[in-house]
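Colleague: I'm new to looking at protein models and would love a close look at one part. Could you walk me through the empty spaces inside this one, and what lines them?

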Amino acid sequence: MALNKKALRSAIAFAGISVFALTACTGPAGGGGSSSSAASGPIAYGTTDKVTALDPAGSYDNGSFMVMNQVYSFLLNSKPGSADPVPDLAASASFTSPTEYTVKLKPGLKWANGHTLDSADVKFSFDRQKKINDPAGPASLLENLDSVTTPDANTAVFKLKLANDQTFPQILSSPAAPIVDHQVFPADKLLSDDDIIKAKAFYGQYTIDSYKKNELISLKAYADYQGVLGKPANDAATIKYYAEPTNMKLDIQQGNIDVANRSLSATDVDDLKKDSKVKVNVGPGGEIRYITFNFNTMPFGAKAANADPAKALAVRQAIANLVDRQSIADQVYKGTYLPLYSNVPSGFLGANESFKDAYGDNGKPSLDKAKKVLSDAGVKDVVTLNLQYNPDHYGKSSGDEYAMIKDQLEKSGLFKVNLQSTEWVTYSKASRADEYPLFQFGWFPDFSDPDNYLTPFFPNGGFLKNHFNDPAVTDLINKQLTSTDKSARESAIKDAQNALAKDISTLPLLQGAQVAISAKGVNGVDKTLDASFKFRLGTISK
């Protein structure tokens, strides 16, 4: 089915900035950064996100990655306003064969602690990610990386398993790719936040001056940074963490912080649009929200007492027939999110609406279809669902969102829903340790390519660790990943979505935009809300 881009633009233009189509890029294009002649004083940033870990091997969430983007660098990165990967630590980077990607580093790079930054750090960083392979980390993004060699101190050669990987330049700017100091970080285990800070193991626009985890971080501009982002527009920044978005809203209105980002409720955003003391900034949206099914522990799952794969599939399909996405988007999120009917969101190459075609009544719920799919599988009794959600990482409105889902499912008479919530620090690990049979997750993309909604999730269970594994789906995902022909790649992406809609490893629900609030006199927030989905404090001044 054709992309509904017109509807997407219309709904998310609520703050006057439209979502645009995001396209893949196949390699770096140039380098160099721009720097301001005079930096402003400190700026204060507020968020309800949480930091899981400052060690790049130990976290795969937006709150942790936001901090990493300020204090670490990458071989490739993107300039504010763009999603295209260009040299950052690299002087040049290119494919030197279909399975080899060669990076030449800038000479004379130094960590904030004075250590030399060279190809030994590069090899160490990627080898370490794969070796540790932490369940809460991003190592799944490196599935196609076979090995890294270092012919000399300024050269790193990446050997790939699959030829012509169309996303590899983007991978080098992703959460799996911050370069770390091999003289500080252990090769086979995570390093604590305090030890990282004590060792001054930073090379980014900023270093960390002081740190109270998930309370307050103080950053100071790093004078010797030579990357593509250039000199920051301010000389220091603080990151303040909020337990309640209402307190963050009050602080941005009173001028106690300069920027509020992730996550205010849709009602709060709508209210702030009327406040002359602040500005609502909106950027292109790649965020999605979805339910994940644990194929082992869900009703009739592989390790349940009454295991039955046909009945487990019927449960997933019945839920897909009953969920009313439009009602959730309208009533909970007031149009700041849109219904999402496939694993790849609208605006990306190959996105379709496979779930809209397969379930419900053209996007609306269908009780008749839900009853039939359960009856055909021999499910006669009311099915109990243990459904978990997170109230702090994905915004306070998650409670209303999942209360609506519970109500929609129970009104059918087919399900009894036990709805529970857990704070993110526990949730991020427990959700991938078989503790939740059905659970909420969201995705804030690592880079703007449709593959980022496929490869991290589904081959061998992906980062979700939900025991889904379909070789046919994996083959389709690998096919799109390595296809140099755009039309062939688009076809493989659509086929993968159609196959995923049949098995339902995850149930797509909503697609949203990036929204950040800035105080009066604060500039540059709009510059960082781009299709790279990286929030950079270095663009902001006042």
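Modeller: Happy to! Keep in mind that this is a predicted model. Let's begin with the enclosed spaces: the structure holds 10 cavities of 30 Å³ or more. The largest cavity contains about 410 Å³ of space. If you want to find this cavity on your screen, look for Arg262, Ser263, Glu287, Ala513 and Val515, which lie nearest its centre among the 32 residues of its lining.

Which elements build that wall? At least two lining residues of the largest cavity come from each of helix 2 (62–71), strand 11 (259–261), helix 7 (266–272), strand 12 (278–293) and strand 17 (506–519). Strand 17 is the biggest contributor to this lining, giving 5 residues. Sorted by class, the wall of the largest cavity has 18 nonpolar, 9 polar and 5 charged residues.

Now move on to the second largest cavity, which holds about 240 Å³ of space. It is lined by 19 residues, and those closest to its centre are Tyr60, Asp61, Asn62, Gly442 and Phe444. Helix 2 and strand 16 (438–443) are the elements that each provide two or more residues of this lining. Helix 2 may sound familiar, since helix 2 also supplies at least two residues to the lining of the largest cavity. In the second largest cavity, strand 16 gives the most, with 3 residues. The lining here divides into 11 nonpolar, 3 polar and 5 charged residues.

Next comes a pocket. The largest pocket has about 470 Å³ of space. Of its 27 lining residues, Ala139, Ser140, Leu142, Glu143 and Asn144 are the closest to its centre. Helix 14 (residues 471–482) gives the most to the lining of this pocket, with 3 residues. Its lining is made up of 9 nonpolar, 11 polar and 7 charged residues.

Finally, let's turn from empty space to packed side chains. In soluble globular proteins, nonpolar side chains tend to be buried together. In this model, the largest nonpolar core has 157 residues, and the members that touch the most others are Phe126, Phe158, Phe415 and Leu537. Try clicking on Phe158: beyond its neighbours within four places in sequence, its contacts include Leu75, Val103, Val122, Leu145, Phe168 and Leu172. Phe126 is also in contact with Phe158, so you can go from one to the other on your screen. Thr99, Glu100 and Ser147 are among the contacts of Phe158 too.

Conventions
Residues numbered from 1 in each chain as written. Predicted model: local features only at pLDDT ≥ 70, side-chain atom pairs only at ≥ 80, totals over all residues. Heavy atoms only, no water. 1 Å grid on protein atoms, 1.4 Å probe; cavity = no way out; pocket = protein on both sides within 12 Å on 5 of 7 lines; lining within 4 Å. Points joined across faces, edges and corners; volume = space filled by probe spheres on them. Helix = DSSP H or I, 4+ residues; strand = E, 2+ residues; numbered from the N terminus. Nonpolar A, V, L, I, M, F, W, Y, C, P; charged D, E, K, R; others polar. Core = buried A, V, L, I, M, F, W, Y, C linked by side-chain atoms within 4.5 Å. Buried < 20%, exposed > 50% of the residue type's maximum accessible area, 1.4 Å probe, protein only. Contact = heavy atoms within 4.5 Å.
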